[in-house]
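Got your viewer open and ready? Load the model, keep the selection box handy, and let's walk through it together.

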Amino acid sequence: MNAPTFHFICPDHWINDPNGLVYADAEWHLFYQLNPFGNDWGHMSWGHAVSRDLLHWEHLPIALREDVERGEMIFSGSAAVDWHNTSGLGTGARLPLVAAYTAHSAREQTQHLAFSVDGGRTWVPYADNPVIAIGSREFRDPKLFWHAPTRRWVMACALADRHQVRFYGSVDLRAWTLLSDFGPAGSADGLWECPDLFWLPTDDDPPQQRWVLKVDDQRLGAQYFIGQFDGVRFTCEDPPDRIRRVDFGRDFYAAQSWNDAPAGRHVWLAWMNHWDYARRTPALPWRGMMTLPRELALRRFPDGLHLVQCPVRELRNLRRTHHGCAGLSVAEADSWLRERGVRGTALEIAAEFACAGAATFGLHVRTGAAEQTTISYHAPEGRLMVDRSRSGDVSFSPRFDERSVAPCPLRNGTLALHIMVDAYSVEVFADGGRVVLSSLIFPQPESDGVRIFGDGEVWVESFEVWPLA
Ligand code: FRU
């Protein structure tokens with residue numbers, strides 16, 4: 001077993017960022033940064049897969065290849081359906097799909113377009129590329145979307161070393177005008193990459209509309225800002241130094257939301273990795289995996305609005321035999337797990353703990369003779385932690401075995417955890433999806449146990465497990 005059960009990989013190859021996420025003709029398209037020639041970063045091109053349920057992916061031929069003659073690699077970007085054929089590139093019955101991507105050369109990074117009129121199967125670079133060039137080497141990752149109120153296209157690009165997101169507008173996808181810049185703000189330690197901008201309804205009654213600007217900081221990972229976008233400018237509602245993390249784990253980067261998702265859904269996924277060690281993780285022989293697809297929402301908490309994420313509902317279709325218990329002590333719940341023989345390398349776990357006073361509790365997953373990945377809660381500090389220092393192979397990089405910690409309050413004295421375990425990953429969702437920790441792990445396939453532990457006044461209110469297949 002060297003493949004995950006429910007996470008996307010490209011067999012034998014290196015992949016990084018998701019690209020060109022667009023829903024069209026009942027297909028979820030997933031393009032991604034691919035090295036067609038090996039399992040290290042290089043020769044960047046766009047790989048391609050499609051799915052009808054966000055879980056089962058059909059691999060398709062490479063969509064966009066590096067241009068060796070011009071010395072240009074195909075870096076990250078996005079795609080959308082040109083519903084009104086604003087580009088005039090549609091032919092007859094089929095609406096064009098349009099992709100915006102960064103052409104990377106030793107000299108410069110510029111924004112290019114490509115079109116498809118056969119449902120994304122084949123792509124033709126636009127004849128007058130580049131559509132935007134500013135003479136910069138740190139100008140990349142265009143996220144394209146249709147801004148309905150102003151009836152034009154907007155493209156958000158990263159000015160990576162200036163820690164800014166730059167917005168452009170266009171009525172025909174060909175001619176672009178500069179709209180505004182946002183940043184620096186939040187975390188600006190590392191390069192800024194892969195911006196995404198979309199609106200979400202809040203859960204207020206009646207719902208309000210807010211825009212979410214996500215941008216990755218190469219050191220911190222994904223961060224986001226909440227505010228308004230009027231078609232020209234993004235105005236953040238937070239103080240400029242406030243940092244909002246999308247994911248408190250180390251392995252959630254370059255997330256992108258699907259354009260044109262059906263039924264008002266807002267879904268994204270990310271590259272499950274960190275540039276600190278991405279090129280040194282074990283070659284299986286594939287290298288690089290996506291996170292689970294996650295549904296997004298904005299929810300109001302006592303301290304204001306937050307982005308919340310939860311695994312897409314389609315994942316429930318993978319559930320097998322259900323195991324459940326309720327109202328047990330930690331020791332009783334742990335024996336119950338063993339009596340039932342609950343184990344697996346692909347599991348969904350929903351656990352609710354109740355605690356009073358000082359308590360430390362949690363669970364170990366993927367346990368084996370000398371391995372375990374620990375998810376623990378420390379009530380005195382109100383902190384949720386994932387510790388992978390004993391998870392399996394951690395030898396390939398000194399930066400890998402760090403613990404991930406998130407501030408996470410109890411709600412009415414309880415902590416509800418939703419945990420997705422797979423062959424090479426653990427994703428923990430807490431506090432209604434406000435707190436997420438995503439971590440790669442490299443355990444032995446035989447390490448498939450689950451344990452519950454706790455100290456102090458803590459009870460297992462309920463514990464449910466489903467093996468996933
Ligand atoms: C983010 C990134 C992007 C770039 C791509 C190159 O992971 O560095 O900024 O377009 O990867 O593969």
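The tour starts at the ligand, moves to a sheet, and ends with the cysteines.

Before you click, some ground rules: this is a predicted model, where local features need pLDDT of at least 70 and side-chain atom pairs count only at pLDDT 80 or more, while totals for chains, interfaces and linings use all residues. Residues are numbered from 1 along each chain as its sequence is written, and side-chain values use heavy atoms, with hydrogens and water left out.

**Stop 1: the ligand**

Select the ligand and show what surrounds it. You should find N16, D17, Q33, W41, F75, S76, R140, D141, E193, C194, Y253 and W275 (a residue is near if one of its heavy atoms lies within 4 Å).

Now look for polar contacts, meaning pairs of N or O atoms within 3.5 Å. Pick D17: an N or O atom of its side chain is 2.7 Å from a ligand oxygen. On W275, a polar side-chain atom lies 2.8 Å from an oxygen of the ligand, and for W41 the side-chain N or O atom is 3.0 Å from a ligand oxygen. Of the 320 Å² that the ligand exposes when taken alone, the protein buries 96% (areas by the Shrake-Rupley method with a 1.4 Å probe).

Next, colour the strands β1 (14-24), β5 (73-81), β9 (139-147) and β13; each supplies at least two residues of the shell around the ligand. Strands here are DSSP runs of E, at least two residues long, numbered from the N terminus.

**Stop 2: a four-stranded sheet**

Stay with β13 and add its sheet, which is open, antiparallel and ordered β13-β14-β15-β16. Two strands count as paired if DSSP finds at least two bridges between them. Which strands stand at the edges? They are β13 (192-201) and β16 (234-236); each has a single partner strand, so one side of each has no neighbour in the sheet. On average, neighbouring strands here are turned by 40 degrees against each other, direction ignored (axes are lines fitted to C-alpha atoms).

Zoom in on β14 (residues 209-217) and β15 (residues 221-229), an antiparallel pair with seven bridges. Click V215 and you will see Q223 of β15 opposite.

**Stop 3: the cysteines**

How many disulfides does the structure hold? Zero, where a disulfide would be two cysteine sulfur atoms within 2.5 Å. Go back to C194 from the ligand shell: the closest cysteine sulfur is in C157, 11 Å away and too far for a bond. C194 is buried, at 8% relative accessible area (buried means under 20%).

Last click: C408. Its sulfur is 11 Å from the closest cysteine sulfur, in C355, again too far for a bond, and C408 is buried at 1% relative accessibility.

Technical notes
Axes fitted to C-alpha atoms, helices over the stretch in contact; angles between N-to-C directions. Buried < 20%, exposed > 50% of the residue type's maximum accessible area, 1.4 Å probe, protein only. Polar contact = N/O pair within 3.5 Å; in protein donor to acceptor, adjacent residues only side chain to side chain.
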